[in-house]
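Visitor: I am new to this structure, and I would like a close look at a single part of it. Could you take me to one loop and then show me how it sits within the rest of the chain?

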Amino acid sequence: MMNLSHLEVWFVTGSQHLYGAEALAKVAENSQRIAASLDAEGAIPTKLVFKPVLTTSEQIRELCREANNARNCIGLVLWMHTFSPAKMWIAGLKSLAKPFLHLHTQFNRELPWSSIDMDFMNLNQAAHGDREFGFITARLRLPRKVVVGFWQDADTVAEVGTWTRAAAGWHESQNLKVARFGDNMRYVAVTDGNKVSAEAQLGYSVNGYGVGDLVDRMNQFSDSEVDKLLAEYRDAYTIAQQHDRPDSLRSAARIELGLRAFLEEDGFGAFTDTFQDLHGLDQLPGIAVQRLMADGYGFAGEGDWKTAALVRIMKVMALGMKGGTSFMEDYTYDFGGIPKVLGSHMLEVCPSIAAGKPSLEVHPLGIGGKADPARLVFTAPSGPAVVASLVEMKDGFRLVVNEVDVVQPDEELPNLPVARAVWLPKPSLKVAAAAWIYAGGAHHTSFSQALTTEHLEDFAEISGIELIVIDEDTRLRELRRQLR
Ligand code: MN
């Protein structure tokens with residue numbers, strides 16, 4: 001999968017002509033230093049590109065037009081080093097189609113108390129210049145993130161970096177193509193929805209393909225190509241003797257070859273399938289889906305295109321970070337001790353969240369009536385994570401997020417033939433599950449041990465979708481009021 005270093009965020013400083021050429025030269029010099037410093041920060045995964053200081057309405061409009069047309073520009077960081085009368089920004093901001101972050105900083109960390117004079121005061125007046133700019137963004141009700149702090153401080157840089165990842169997720173969402181093999185699982189409500197609304201609001205397109213088209217593509221691979229992939233499986237995973245069933249593994253490998261080719265050839269970034277429509281496949285895709293997810297594809301089962309797209313977008317947002325991101329489902333509970341969730345799926349959990357070397361196993365599947373599918377089995381490592389669900393309500397999309405702590409299972413799970421993660425939801429299972437259910441969150445989620453609520457909060461702001469966060473501060477009464 002690619003990284004984010006080819007993407008650009010433009011660093012744009014606003015000012016005006018009142019101050020004279022000397023002051024403007026200083027503003028440009030300082031801005032350039034800040035942009036270069038942020039560009040060099042590891043916590044900001046994209047390029048940060050300095051743009052000349054803007055001093056007129058015309059320049060601002062022109063810059064916004066340029067940003068709209070720049071394929072690799074995913075957003076702007078805006079800062080008013082000095083005062084920049086904000087009526088100058090109205091036309092530009094109204095035409096801007098890229099997300100922006102308002103950085104409220106100052107070139108100097110400390111005030112030079114003993115030497116400060118009016119020249120210094122006039123040059124370093126973001127304290128009120130950014131308030132003027134803030135007014136117009138609030139007045140125009142523009143989606144934005146405001147970050148306050150000294151530009152060299154780690155927390156300031158981290159907040160900019162987080163937003164940059166959300167902007168990269170948004171950029172991905174504008175270009176994402178989702179392939180559905182088969183339709184929605186029959187009668188299921190939450191996985192269904194309006195694909196036109198999704199494309200209009202989130203940018204990604206979702207289209208259906210016959211499973212037969214996939215089977216055709218699978219059958220174009222030779223037996224030796226299949227055997228070569230099987231050898232790769234043997235290198236990468238542990239295979240116990242009772243699971244070493246070459247026919248079943250070969251058939252799984254052929255599915256992977258076909259799926260991968262199908263997705264690559266038409267530029268898909270995410271896909272779904274359903275166990276109710278597998279004509280021509282002898283088993284439900286298991287390891288194939290798992291390995292494609294590990295390579296960055298979004299996926300969700302049962303035709304759930306919203307979760308498949310969300311998994312992909314979150315994987316892009318998390319590129320280069322420690323911790324994996326996977327399709328997940330709240331499967332069953334442990335009400336003993338501190339109540340917790342056992343998360344898993346029938347087969348399709350991404351090995352990017354495997355704590356150790358996955359074991360490749362072949363087991364019967366209780367539903368679907370097909371041959372025994374091959375799947376990777378493993379357990380997720382302990383640590384903080386988020387689960388996120390995008391649902392479609394009557395008046396638009398809603399993103400429900402729960403912060404959780406992944407823990408290790410209380411005991412070994414010798415009879416559980418699927419990959420899993422065990423977690424303690426915040427603030428408790430009792431409150432979190434009630435809040436989730438009140439909010440209409442799905443049973444399917446995108447689970448990430450890389451991203452935080454802040455990434456998703458920034459993404460929701462950029463996307464203009466409603467966000468419901470369930471964390472350690474959640475109180476049910478407040479949450480229910482918020483939902484009403
Ligand atoms: Mn499911």
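**The loop that holds P427**

Guide: The residue to look for is P427, which has its place in the loop between strand 16 (420-425) and helix 13 (429-439). Please keep in mind from the start that what you are viewing is a predicted model. The peptide bond that joins K426 and P427 is cis, with omega at about 0°, and it is this bond that I would ask you to find in the loop before we turn to the surroundings.

Two other loops also reward a careful look at the backbone. In the loop between helix 5 (126-139) and strand 5 (145-148) you will find R141, a residue other than glycine whose phi is nevertheless positive, near 50°. Because its relative accessible area is 76%, and exposed means over 50%, R141 counts as exposed. Further along, in the loop between strand 6 (177-181) and helix 7 (195-202), there is Y187, which is again not a glycine and has a positive phi, near 75°. Y187 is exposed as well, since its relative accessibility comes to 86%.

From these loops we can move to a residue in a strand. V391 belongs to strand 14, which covers residues 383-393, and with a relative accessible area of 1%, V391 is buried, because the cut-off for that word is under 20%. The C-alpha atom of V391 is separated by 8.0 Å from that of T191, although the two positions lie 200 residues apart along the chain.

Towards the end of the numbering, helix 15, made of residues 476-483, contains R481, and this arginine counts as exposed because its relative accessibility is 53%. R481 gathers with R477, R480 and R484 in a patch of positive charge on the surface.

Stepping back to the whole chain, its secondary structure comes to 15 helices and 18 strands. The radius of gyration is 25 Å, close to the 23 Å that the globule rule gives for 484 residues, so the chain is as compact as a globular protein of that length. Taken along the principal axes, the box filled by the C-alpha atoms is roughly 80 × 50 × 40 Å, and of the 484 residues, 55% count as buried. With that picture in mind, you may return to the loop between strand 16 and helix 13, where the cis bond joins K426 and P427.

Definitions and conventions: Residues numbered from 1 in each chain as written. Predicted model: local features only at pLDDT ≥ 70, side-chain atom pairs only at ≥ 80, totals over all residues. Heavy atoms only, no water. Patch = residues over 30% accessible without salt bridge, like charges linked within 9 Å, V, L, I, M, F, W, Y side chains within 5 Å. Areas by Shrake-Rupley, 256 points an atom, 1.4 Å probe, with all protein chains shown as cover. Salt bridge = Lys/Arg side-chain N within 4 Å of Asp/Glu carboxyl O. Lys, Arg positive; Asp, Glu negative; His and termini not counted. Charge placed at Lys NZ, Arg CZ, Asp CG, Glu CD. Helix = DSSP H or I, 4+ residues; strand = E, 2+ residues; numbered from the N terminus. Buried < 20%, exposed > 50% of the residue type's maximum accessible area, 1.4 Å probe, protein only. Rg over C-alpha atoms; globule rule 2.2 N^0.38 Å.
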